[in-house]
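Me: I have a structure to go through with you. Please keep the answers short and reasoned.

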Amino acid sequence: MPRHDPADYLDMAALPRLLDALVTQGWFVGERFIDTALCHSLQAELQGLKAQSHLDEAGVGRGQTHRIKRDVRGDAIHWLDRESRAQRQYLTVMTFLQQAINRTLYLGLFEFEAHFALYPPGAFYKRHLDSFRGRSNRIVSTVLYLNPAWTAAHGGEMAMFDPDDPEREIARIRPELGTFVCFLADRIPHEVLPTQAPRASIAGWFRRNTSLNGIVDPAL
Ligand code: OGA
Ligand code: MN
């Protein structure tokens with residue numbers, strides 16, 4: 001029996017904790033937060049995209065300032081385009097989450113954009129913010145991890161840092177299948193530590209509007 005309610009695809013019991021954590025500390029991590037079968041479908045789709053050379057090297061900055069910078073980030077990406085059932089399901093779940101966040105936090109989010117990301121062995125993403133205060137329309141960042149049986153030896157953790165003391169690490173997250181992270185895009189510095197194995201994820205952003213003062217997203 002196919003299920004149609006987005007609430008069937010996320011950990012509803014953890015949702016109040018997510019909302020509370022976003023307000024009180026600016027970030028949330030939930031293990032097995034997204035339905036396991038859906039994560040496996042998304043992981044299989046990402047493998048297929050790689051096999052068909054449908055991944056592009058990720059860059060830094062937008063428009064004229066977009067550059068490939070291997071010394072900053074080493075992932076290859078594919079923007080979600082609703083092409084598969086799994087993508088549509090995930091986007092429906094994110095829309096559901098957006099409504100819950102809006103009801104609670106009044107952030108006025110009205111759009112979600114996301115891309116698959118694959119980090120080959122040796123790749124990393126240096127410490128950064130996903131947006132700069134007043135300059136960006138990315139309000140809340142999300143990451144869903146798609147790696148079954150990830151061990152400490154695989155590395156590739158996401159480290160988050162204290163907004164008021166960016167040298168102080170506040171969390172280190174293993175990119176295990178089903179783990180979901182969200183955080184305030186202009187508050188939480190974070191990085192991807194070098195991975196020892198191919199590392200699959202979907203990075204996404206809830207946005208407020210498509211451009212602000214003619215500036216569409218900041219350069220890094
Ligand atoms: C990003 C990012 C973190 C991760 O894509 O901006 O920070 O753990 N990703 O993949
Ligand atoms: Mn980021």
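Me: Which residue in strand 9 is the bridge partner of valine 29?
Reply: This is a predicted model. Strand 1 (residues 27-30) and strand 9 run antiparallel and are joined by four bridges. Valine 29 has its bridge partner in strand 9: valine 181.

Me: Which residue of strand 9 stands opposite leucine 144?
Reply: Strand 9 also pairs with strand 6 (residues 138-145), in the antiparallel sense, over five bridges. Opposite leucine 144 in strand 9 stands phenylalanine 180.

Me: How many of the five residues of strand 9 are buried?
Reply: Strand 9 covers residues 180-184. In the sheet order 1-9-6-11-4-3-2, strand 9 sits between strand 1 and strand 6. Strand 9 is mostly covered, and its count of buried residues is four.

Me: Which strands stand at the edges of the sheet?
Reply: Seven strands form an open sheet in the order 1-9-6-11-4-3-2, with antiparallel pairing. An edge strand here has a single partner strand, so one of its sides is left without a neighbour in the sheet. That applies to strand 1 and strand 2 (56-57).

Me: Over how many bridges do strand 4 and strand 11 pair?
Reply: Strand 4 spans residues 111-119 and strand 11 spans residues 199-207. Tyrosine 119 has arginine 199 as its bridge partner in strand 11. The pairing is antiparallel, and the bridges number nine.

Me: At what angle does helix 2 run to strand 4?
Reply: Helix 2 lies across strand 3 (76-79), strand 4, strand 6 and strand 11. Its angle to strand 4 is about 65 degrees.

Me: How are helix 2 and helix 3 oriented to each other?
Reply: Helix 2 (residues 36-51) and helix 3 (residues 85-105) have axes that come within 9 Å and cross at roughly 130 degrees. The crossing is left-handed. Leu38, Ser41, Leu42 and Glu45 in helix 2 meet Ala86, Gln87, Gln89 and Tyr90 in helix 3. Angles over 145 degrees would count as roughly antiparallel, and the two helices are therefore oblique.

Me: Which residues are the protein donors of the manganese ion (ligand 2)?
Reply: The donor spacing in sequence is H-x1-D-x59-H. The donors lie 2.1 to 2.2 Å from the ion. They are His128 (NE2), Asp130 (OD) and His190 (NE2).

Me: How far apart in sequence are the parts that histidine 128 and histidine 190 tie together?
Reply: Both histidine 128 and histidine 190 are buried. Histidine 128 lies in strand 5 (residues 125-128), and histidine 190 lies in strand 10 (residues 190-192). The pair therefore ties together parts whose separation in sequence is 62 residues.

Methods
Residues numbered from 1 in each chain as written. Chains lettered and ligands numbered in written order. Predicted model: local features only at pLDDT ≥ 70, side-chain atom pairs only at ≥ 80, totals over all residues. Heavy atoms only, no water. Donors = N, O, S within 2.8 Å, 3.2 Å for Na, K, Ca; no water. Buried < 20%, exposed > 50% of the residue type's maximum accessible area, 1.4 Å probe, protein only. Pairing = 2+ DSSP bridges. Axes fitted to C-alpha atoms, helices over the stretch in contact; angles between N-to-C directions. Parallel < 35°, antiparallel > 145°, perpendicular 65-115°, else oblique. Left-handed = near helix turned anticlockwise from the far one by under 90°. Contact = heavy atoms within 4.5 Å.
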